[in-house]
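Please open the model in your viewer and keep the sequence panel beside it, since each stop on this tour begins with a selection.

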Amino acid sequence: MNAPGPSGPAGQESRQVAEAAREHEWERESFMRHLFEGRFRLDLIYPAPPPDPDEQARARPFLEALRAFAIRHIDGDRIDREGHIPEEVLDGLRELGAFGIKIPRAYGGLGLSQVTYGRALGIVASRCASTTALLSAHQSIGVPQPLTLFGTEAQKEAYLPRIAKGALSAFALTESDVGSDPANMSSHAEPTPDGDWVLHGEKLWTTNGPRAELMIVMARTPPRPGVRSRRPVTAFIVETAWEGVEVVRECQFMGLKGISNGVIRFNGVRVPSANIVGGEGEGLRLALVTLNTGRLSLPAFCTTAGRAGLEISRRWAAERIQWGRPIGEHEAVAQKLGGIAAEAFAMEAGSELASAMADAKRFDIRLEAALLKLWHSETAWVVANEALQIRGGRGYETADSLRARGETPYPVERAVRDLRINMIFEGTSEIMRLFIAREALDRHVKLAGALLDPDAPLPRRLAAAGRAALHYLWWYPTLWLGWGFWPAHGSFGPLAKHLRFVSRTSRRLSRAFFHRIVRHGPALERRQAVLGRLVDVGAECFLISAACIHAEGLVREDPKNRVAVELADLFCRRARRRVANAFRGLRSNDDVATDRVAKRAMAGDYGWLTRDVGELVLGDLNASSEKR
Ligand SMILES: Cc1cc2nc3c(=O)[nH]c(=O)nc-3n(C[C@H](O)[C@H](O)[C@H](O)COP(=O)(O)OP(=O)(O)OC[C@H]3O[C@@H](n4cnc5c(N)ncnc54)[C@H](O)[C@@H]3O)c2cc1C
């Protein structure tokens with residue numbers, strides 16, 4: 001059993017590169033790893049890791065000041081219209097310390113937690129997604145995050161204070177042929193006789209790139225003795241003022257109109273070896289580990305989008321009268337609004353819980369962060385789309401146009417444009433599902449990987465067979481035995497049944513993974529639709545757990561608060577239906593038929609269906625590709 005991914009020699013190389021870059025060990029507890037293996041360890045996350053009161057006291061004035069600044073100075077509509085975040089906005093954020101929220105105080109940062117960082121991004125996101133993307137690219141994945149995790153003391157002293165003061169940074173991995181697949185990387189750096197490096201190559205879509213002072217750049221370096229990887233990729237801190245760094249072009253997008261994002265070329269840039277972060281050949285691992293926590297920012301700002309979607313929808317549903325009633329009283333709209341409220345509640349619950357887990361520093365949260373990145377980006381998109389529908393024609397109209405007509409300029413149209421990218425960057429939804437499936441299957445891969453690998457030598461396969469038999473003989477029966485119907489989790493009141501559902505589902509999910517391994521063997525890696533359904537079940541289980549914990553916490557704070565339980569209950573019901581659908585989809589689906597049609601579509605067998613649209617839509621482009 002290999003890491004899930006594409007087949008063929010090129011695919012195999014991509015897989016090997018991804019496999020080499022992943023963290024192989026699980027040194028800390030992982031709630032979701034247990035869950036995927038059939039164990040519901042609620043004790044790990046409940047009670048939720050408590051916040052540090054000292055940190056909270058320091059965070060409060062910062063968040064209040066940020067909120068006041070955001071209301072007064074961050075105008076999302078203007079930034080969207082002008083396609084630029086004014087320098088005064090960045091200066092204001094710098095002054096507040098928003099460029100170094102998590103940078104330790106010893107290096108001039110605010111030294112605040114992941115929870116606070118998420119809340120800060122949420123505040124900015126409620127005004128402007130572009131400014132949030134700038135802050136997030138700068139410090140979720142940009143230079144400070146890998147530097148804090150992997151930097152030497154000298155590197156931290158040299159760069160972190162500068163960044164905390166406001167030196168904007170960027171993260172440059174993507175290239176024209178490197179999107180989801182870093183194996184194709186062509187940017188490269190060669191060592192010079194005096195120990196420096198010379199960097200060549202071109203990076204695509206680097207957020208903040210054209211405005212940044214610093215970048216973390218991934219480039220191939222030659223294999224050398226002592227370097228672990230056979231095709232090493234190394235991470236370099238590059239200063240954009242250095243000779244040879246060129247902004248070739250600024251890119252424009254459907255949304256996030258205010259970000260500065262571009263094609264950056266490195267024309268023989270000389271980089272001191274002191275600027276290698278994490279060691280030679282460790283660049284991809286560094287990028288992956290950086291993203292493991294970095295991915296939590298996206299759920300934080302998606303949560304704001306969900307909450308904003310709820311606020312706008314509820315106001316409009318009550319205000320807009322059609323057919324003699326507020327539209328929210330028509331059941332079709334009520335169904336949407338109730339759904340938005342339930343999903344927004346779970347978004348907040350999941351994001352806060354995973355951030356608290358990150359702050360507790362005793363969890364491995366790679367699975368939770370990836371699951372939330374996937375789930376929140378897709379849910380925020382659904383919520384925004386539903387909110388747009390509730391707003392009707394006004395949902396499709398720009399805020400400027402609404403304002404000009406004297407109407408409340410709810411920025412739903414902008415939100416839909418801005419939110420779409422979340423399913424693409426920092427790992428597309430499809431790649432996130434593969435990543436999560438690989439991590440969920442890790443124990444099986446470790447135990448039976450050689451057994452399922454047709455290229456493995458016989459002695460290795462026999463050894464794997466013995467190990468696997470011993471393990472599965474005791475492990476598999478445990479997946480059928482459990483206390484899932486026992487009246488456990490009584491302190492959760494009416495929500496206890498949902499937690500018991502998660503307990504039963506964790507065993508069912510683990511069995512389903514195991515059955516698919518047995519059934520498909522090494523081919524499981526190519527059954528992405530099957531893996532995707534299993535991953536989605538895992539995500540819903542985490543969100544159900546988070547929603548119940550969140551509601552229980554709210555009721556403990558205020559025993560009169562019954563609406564939190566009602567909201568959590570509705571979310572859990574909806575999530576359970578999605579889980580049931582996913583399991584049903586495992587048994588009965590159209591995967592094979594759909595794959596067959598996709599192959600035919602690629603081969604052009606449906607030319608009669610697309611007829612002239614290629615030429616009409618693509619014009620010259622199509623004509624020239626036809627000629628080729
Ligand atoms: C606005 C914006 C900002 C960005 N900011 C940054 C940044 O700051 N730094 C940076 O380095 N990059 C950045 N990116 C790049 C972004 O991370 C990539 O777009 C993303 O990784 C996907 O790569 P791609 O677009 O080349 O898609 P591709 O990899 O070409 O994928 C195309 C489609 O195929 C699917 N696919 C690909 N491989 C597989 C597979 N094995 N199995 C199943 N499906 C697959 C994908 O999911 C996707 O749906 C940014 C992009 C945008 C648009």
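By about how many helical turns are R78 and E82 separated in helix 5? As you select them, bear in mind that this is a predicted model. The two residues stand 4 apart in helix 5, which covers residues 76-82, so about one helical turn separates them. Their side chains form a salt bridge, in which the closest N and O atoms are 3.2 Å apart. Both partners are partly exposed, R78 with a relative accessible area of 33% and E82 with 47%.

Next, select R573 and D569, which both lie in helix 23 (residues 563-587) and are again 4 residues apart, about one turn of the helix. Here the closest N and O atoms of the salt bridge are 2.8 Å apart. R573 is partly exposed at 43% relative accessible area, whereas D569, at 14%, counts as buried because the limit for that class is under 20%.

For a pair that links distant parts of the chain, move to K336 in helix 13 (residues 331-360) and E386 in helix 14 (residues 366-391), which are 50 residues apart. Their side chains meet in a salt bridge with an N to O distance of 3.8 Å. K336 is partly exposed at 25% relative accessibility, and E386 is partly exposed at 26%. The salt bridges in the model come to 48, and some of them share partners, joining R22, R33, E37, R39, D364, R366, R438, E439, D442 and R443 into one network that can be selected as a group.

Now centre the view on the ligand and display the 20 residues around it, of which T174, S180, T207, T428 and E430 come nearest. An N or O atom in the side chain of S180 is 2.6 Å from an oxygen atom of the ligand, and for T428 the corresponding distance to a ligand oxygen is 2.7 Å. T207 instead places a polar side-chain atom 2.7 Å from a nitrogen atom of the ligand. Taken alone, the ligand exposes 980 Å², of which the protein buries 71%. Strand 1 (169-172), strand 3 (197-207) and helix 18 (429-440) each give two or more residues to this shell, with helix 18 providing the largest share, 3 residues. Colouring the shell by residue class should show 11 nonpolar, 7 polar and 2 charged residues.

Finally, select V613, L616, V617 and L618, which make a nonpolar surface patch of about 410 Å². V613 is placed in helix 26 (residues 613-618) and is partly exposed, with a relative accessible area of 40%.

Methods. Residues numbered from 1 in each chain as written. Predicted model: local features only at pLDDT ≥ 70, side-chain atom pairs only at ≥ 80, totals over all residues. Heavy atoms only, no water. Patch = residues over 30% accessible without salt bridge, like charges linked within 9 Å, V, L, I, M, F, W, Y side chains within 5 Å. Areas by Shrake-Rupley, 256 points an atom, 1.4 Å probe, with all protein chains shown as cover. Salt bridge = Lys/Arg side-chain N within 4 Å of Asp/Glu carboxyl O. Buried < 20%, exposed > 50% of the residue type's maximum accessible area, 1.4 Å probe, protein only. Near = heavy atom within 4 Å. Polar contact = N/O pair within 3.5 Å; in protein donor to acceptor, adjacent residues only side chain to side chain. Nonpolar A, V, L, I, M, F, W, Y, C, P; charged D, E, K, R; others polar.
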